[in-house]
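Me: I am learning how the labels in a structure description are earned. Could you take this one with me, label by label, and set each value against its rule?

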Amino acid sequence: MAVVLIVEDEMFIRQSAEWTIGDLGHDTLVAGDLAEALAHLQAAQPIDALFVDIRLDRVALGGYDVANRIHKFWPDLRVLYTSGTPLTADMTEQFVHGGQFIQKPYSTDKLEAAVKNLLC
């Protein structure tokens, strides 16, 4: 199974995503902000996928920054972006290659399907 780094600044959403993705059999790492996410890069454990909130830490593009920095270490990284803001073309232009999107609020079933689709 995959190692998925979940980067979400809202604790309840982060925990819910951790449980949902963990229930699929994946190992999860969690971070509440950019600093915590980057700390995971210093560990030797490779990351297969990133689930990241675009509007991280009240910074409009915080999630993009996380994805771009981690993508430099793992170019095959698969990224699932999320946001409460509806997806627009200018948002997708900033996705790392092959990045996918799930709109908040999402159900557990929709998150499971999005993660399965991302990792297949």
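Me: What makes β3 and β4 count as paired strands?

Reply: In this predicted model, two strands are called paired when at least two bridges are found between them, and β3 and β4 are joined over five bridges, running in the parallel sense. One position to look at is Ala 49, which stands opposite Arg 78 in β4. On the same rule of at least two bridges, β4 also pairs with strand β5 (residues 100-103), in the parallel sense and over four bridges; here Ser 83 has Gln 103 in β5 as its bridge partner.

Me: Why is β4 called largely enclosed?

Reply: Five of the six residues of β4 are buried, so the strand is largely enclosed by the rest of the structure. Val 79 shows some of these surroundings: leaving aside its neighbours within four places in sequence, Val 79 is in contact with residues including Leu 50, Val 52, Ala 67 and Leu 118.

Me: How do you know that Glu 8 and Lys 104 form a salt bridge?

Reply: The rule asks for a side-chain nitrogen of Lys or Arg within 4 Å of a carboxyl oxygen of Asp or Glu, and the N to O distance for Glu 8 and Lys 104 is 2.9 Å, so by that rule the pair qualifies. Glu 8 lies in the loop between β1 and α1 (11-23), and Lys 104 in the loop between β5 and α5 (108-119), so the salt bridge ties together parts that are 96 residues apart in sequence.

Me: What makes Glu 8, Asp 53 and Lys 104 a network?

Reply: Lys 104 takes part in a salt bridge with Glu 8 and also in one with Asp 53, where the closest N and O atoms are 3.1 Å apart, and in this way Glu 8, Asp 53 and Lys 104 are linked. Because Asp 53 lies in strand β3 and Lys 104 in the loop between β5 and α5, this second pair ties together parts that are 51 residues apart in sequence.

Me: Why are Asp 53 and Lys 104 called buried?

Reply: Buried means under 20% relative accessible area; Asp 53 has 4% and Lys 104 has 12%, so both values satisfy the rule. Glu 8 is buried as well.

Me: Which label do Asp 65 and Arg 69 earn, buried or partly exposed?

Reply: Partly exposed is the range between under 20% and over 50%, and since Asp 65 is at 28% and Arg 69 at 35%, both count as partly exposed. Asp 65 and Arg 69 also form a salt bridge, with their closest N and O atoms 3.1 Å apart, and being four residues apart in helix α3 they are separated by about one helical turn.

Me: How do you know that the length of α3 agrees with what a helix should span?

Reply: At 1.5 Å a residue, the twelve residues of α3 should span 16 Å, and the end C-alpha atoms are 18 Å apart, which agrees. The buried residues of α3, among them Tyr 64, Val 66 and Ile 70, pack against β1, α2, β3, β4 and α4 (89-92).

Me: What does α3 give to the largest nonpolar core?

Reply: That core has 23 residues, with Val 66 and Ile 70 among those that have the most contacts inside it, and α3 supplies its largest share, four residues.

Definitions and conventions: Residues are numbered from 1 along each chain as its sequence is written. This is a predicted model: local features need pLDDT of at least 70, side-chain atom pairs count only at pLDDT 80 or more; totals for chains, interfaces and linings use all residues. Side-chain values use heavy atoms; hydrogens and water are left out. A nonpolar core is a set of buried Ala, Val, Leu, Ile, Met, Phe, Trp, Tyr and Cys residues joined through side-chain atoms within 4.5 Å. Buried means under 20% relative accessible area, exposed over 50%, partly exposed in between (1.4 Å probe, protein chains only). Helices (H or I, at least four residues) and strands (E, at least two) are DSSP runs, numbered from the N terminus. Contact means heavy atoms within 4.5 Å. The expected span of a helix is 1.5 Å times one less than its number of residues.
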